[in-house]
Amino acid sequence: MIVRIWAGQVMAGHAEEFCALLTSQVIPQLGRTDGCLGGELLRSVTEDGHRVLVVSRWRDEEALRGYAGPMWRIRPVWAEGELRYLAHPPVVSHFTPIAAPAAP
(Lines give C-alpha, C1' and ligand atoms only; values in the text may rest on other atoms or scores of the structure.)
Protein backbone atom coordinates (compact mmCIF):
# COMPACT_ATOMS: atom_id res chain seq x y z
CA MET A 1 0.00 0.00 0.00
CA ILE A 2 1.09 3.56 -0.76
CA VAL A 3 -0.22 6.63 1.06
CA ARG A 4 -0.40 9.71 -1.16
CA ILE A 5 -0.62 13.16 0.42
CA TRP A 6 -1.82 16.00 -1.76
CA ALA A 7 -1.10 19.34 -0.05
CA GLY A 8 -2.51 22.71 -1.00
CA GLN A 9 -2.43 26.22 0.44
CA VAL A 10 -5.88 27.76 -0.01
CA MET A 11 -6.24 31.50 -0.53
CA ALA A 12 -7.72 33.41 2.40
CA GLY A 13 -11.49 33.51 2.37
CA HIS A 14 -11.86 30.41 0.19
CA ALA A 15 -11.14 27.53 2.59
CA GLU A 16 -14.78 26.70 3.41
CA GLU A 17 -15.86 26.66 -0.24
CA PHE A 18 -12.80 24.67 -1.35
CA CYS A 19 -13.21 22.07 1.41
CA ALA A 20 -16.90 21.71 0.48
CA LEU A 21 -15.88 21.06 -3.14
CA LEU A 22 -13.32 18.46 -2.09
CA THR A 23 -15.72 16.62 0.22
CA SER A 24 -18.63 16.63 -2.23
CA GLN A 25 -16.73 15.78 -5.43
CA VAL A 26 -13.06 14.85 -5.08
CA ILE A 27 -13.14 12.44 -2.13
CA PRO A 28 -16.13 10.47 -3.49
CA GLN A 29 -14.46 10.29 -6.93
CA LEU A 30 -11.29 8.89 -5.34
CA GLY A 31 -13.37 6.16 -3.74
CA ARG A 32 -14.59 5.09 -7.18
CA THR A 33 -11.08 4.99 -8.69
CA ASP A 34 -9.63 1.54 -9.30
CA GLY A 35 -6.92 0.81 -6.76
CA CYS A 36 -7.85 3.56 -4.33
CA LEU A 37 -8.45 2.10 -0.88
CA GLY A 38 -9.93 5.30 0.56
CA GLY A 39 -9.20 8.92 1.21
CA GLU A 40 -9.87 11.75 3.59
CA LEU A 41 -9.60 15.52 3.74
CA LEU A 42 -7.65 17.22 6.51
CA ARG A 43 -7.63 20.95 7.25
CA SER A 44 -5.06 22.78 9.33
CA VAL A 45 -6.14 23.68 12.86
CA THR A 46 -4.04 26.83 12.89
CA GLU A 47 -5.76 30.19 13.17
CA ASP A 48 -5.78 30.77 9.43
CA GLY A 49 -6.75 27.16 8.55
CA HIS A 50 -5.81 27.59 4.91
CA ARG A 51 -3.71 24.44 4.45
CA VAL A 52 -5.50 21.29 3.32
CA LEU A 53 -4.32 17.74 2.77
CA VAL A 54 -6.01 14.97 0.84
CA VAL A 55 -4.66 11.71 2.22
CA SER A 56 -5.41 8.71 0.03
CA ARG A 57 -4.37 5.08 0.26
CA TRP A 58 -3.54 3.14 -2.89
CA ARG A 59 -3.17 -0.57 -3.56
CA ASP A 60 0.18 -0.22 -5.39
CA GLU A 61 2.26 1.80 -7.85
CA GLU A 62 0.23 0.51 -10.78
CA ALA A 63 -2.95 1.96 -9.30
CA LEU A 64 -1.28 5.34 -8.73
CA ARG A 65 0.10 5.31 -12.26
CA GLY A 66 -3.41 4.65 -13.56
CA TYR A 67 -4.74 7.60 -11.58
CA ALA A 68 -1.97 10.20 -11.91
CA GLY A 69 -0.02 9.03 -14.97
CA PRO A 70 3.59 7.96 -15.40
CA MET A 71 4.92 10.87 -13.35
CA TRP A 72 2.69 10.01 -10.36
CA ARG A 73 5.56 10.49 -7.90
CA ILE A 74 5.77 14.23 -8.60
CA ARG A 75 2.55 15.11 -10.46
CA PRO A 76 -0.35 16.35 -8.36
CA VAL A 77 -3.81 15.77 -9.79
CA TRP A 78 -6.39 18.53 -9.70
CA ALA A 79 -9.46 19.61 -11.60
CA GLU A 80 -9.08 22.80 -13.62
CA GLY A 81 -11.47 24.78 -11.42
CA GLU A 82 -9.59 23.90 -8.23
CA LEU A 83 -6.57 26.09 -8.99
CA ARG A 84 -8.60 29.28 -8.54
CA TYR A 85 -8.84 28.44 -4.81
CA LEU A 86 -5.13 27.80 -4.31
CA ALA A 87 -2.34 30.25 -3.52
CA HIS A 88 0.04 28.10 -5.62
CA PRO A 89 -0.10 24.68 -7.30
CA PRO A 90 -0.44 21.72 -4.92
CA VAL A 91 2.35 19.24 -4.17
CA VAL A 92 2.29 15.50 -3.53
CA SER A 93 4.35 13.14 -1.42
CA HIS A 94 4.13 9.40 -0.90
CA PHE A 95 4.70 7.07 2.02
CA THR A 96 4.51 3.39 2.83
CA PRO A 97 2.97 2.39 6.15
CA ILE A 98 5.32 0.81 8.67
CA ALA A 99 2.65 -0.35 11.13
CA ALA A 100 -1.10 -0.82 10.89
CA PRO A 101 -3.22 2.00 12.37
CA ALA A 102 -4.41 1.47 15.92
CA ALA A 103 -7.99 0.27 16.31
CA PRO A 104 -10.44 2.85 17.70
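Me: Before we start, what counts as a pocket here?
Reply: Picture a 1 Å grid laid over the protein atoms alone. A pocket is an open set of points with protein on both sides within 12 Å along at least five of seven lines. Residues lining a pocket have an atom within 4 Å of a point.

Me: Okay, so how much space lies in the largest pocket?
Reply: Keep in mind that this is a predicted model. The space in its largest pocket comes to about 300 Å³.

Me: And which residues are closest to the centre of the largest pocket?
Reply: The lining of the largest pocket has 16 residues, of which 10 are nonpolar, 4 polar and 2 charged. The closest to the centre are V26, Y67, V77, W78 and E82.

Me: Which element gives the most to that lining?
Reply: β1 (2-9), α1 (15-31) and β3 (51-58) each bring at least two residues to the lining of the largest pocket. The one that gives the most, with 6 residues, is α1.

Me: How far apart are the end C-alpha atoms of α1?
Reply: α1 has 17 residues, and at 1.5 Å a residue it should span 24 Å. The model agrees with that, because the end C-alpha atoms are 22 Å apart.

Me: Where does α1 bend?
Reply: The bend in α1 is about 40°. As for burial, A15, F18, C19, L21, L22, V26, I27 and L30 are the buried residues of α1, and what covers them includes β1, β2 (36-43), β3 and α2 (61-68). The bend sits at one of those buried residues, L22.

Me: Is H50 buried or exposed?
Reply: H50 lies in the loop between β2 and β3. Leaving out residues up to four places away in sequence, H50 touches G8, Q9, V10, M11, A12, G13 and A15. Buried means under 20% relative accessible area. H50 has 16% relative accessibility, so H50 counts as buried.

Me: What about V10, buried or exposed?
Reply: V10 is in the loop between β1 and α1. Its relative accessibility is 3%, so V10 counts as buried.

Me: How far apart in space are V10 and A87?
Reply: Not counting neighbours within four places in sequence, V10 is in contact with A15, F18, H50, V52, Y85, L86 and A87. V10 and A87 are 77 residues apart in sequence. In space, C-alpha to C-alpha, they are 5.6 Å apart.

Note on methods:
Residues are numbered from 1 along each chain as its sequence is written. This is a predicted model: local features need pLDDT of at least 70, side-chain atom pairs count only at pLDDT 80 or more; totals for chains, interfaces and linings use all residues. Side-chain values use heavy atoms; hydrogens and water are left out. On a 1 Å grid over the protein atoms alone, a cavity is a set of points where a 1.4 Å probe fits but cannot get out, and a pocket is an open set with protein on both sides within 12 Å along at least five of seven lines; lining residues have an atom within 4 Å of a point. Grid points are joined across faces, edges and corners, and a volume is the space filled by probe spheres set on the points. Helices (H or I, at least four residues) and strands (E, at least two) are DSSP runs, numbered from the N terminus. Ala, Val, Leu, Ile, Met, Phe, Trp, Tyr, Cys and Pro count as nonpolar, Asp, Glu, Lys and Arg as charged, and the others, Gly among them, as polar. The expected span of a helix is 1.5 Å times one less than its number of residues. The bend at a residue is the angle between axes fitted to the seven residues ending there and the seven starting there. Buried means under 20% relative accessible area, exposed over 50%, partly exposed in between (1.4 Å probe, protein chains only). Contact means heavy atoms within 4.5 Å.
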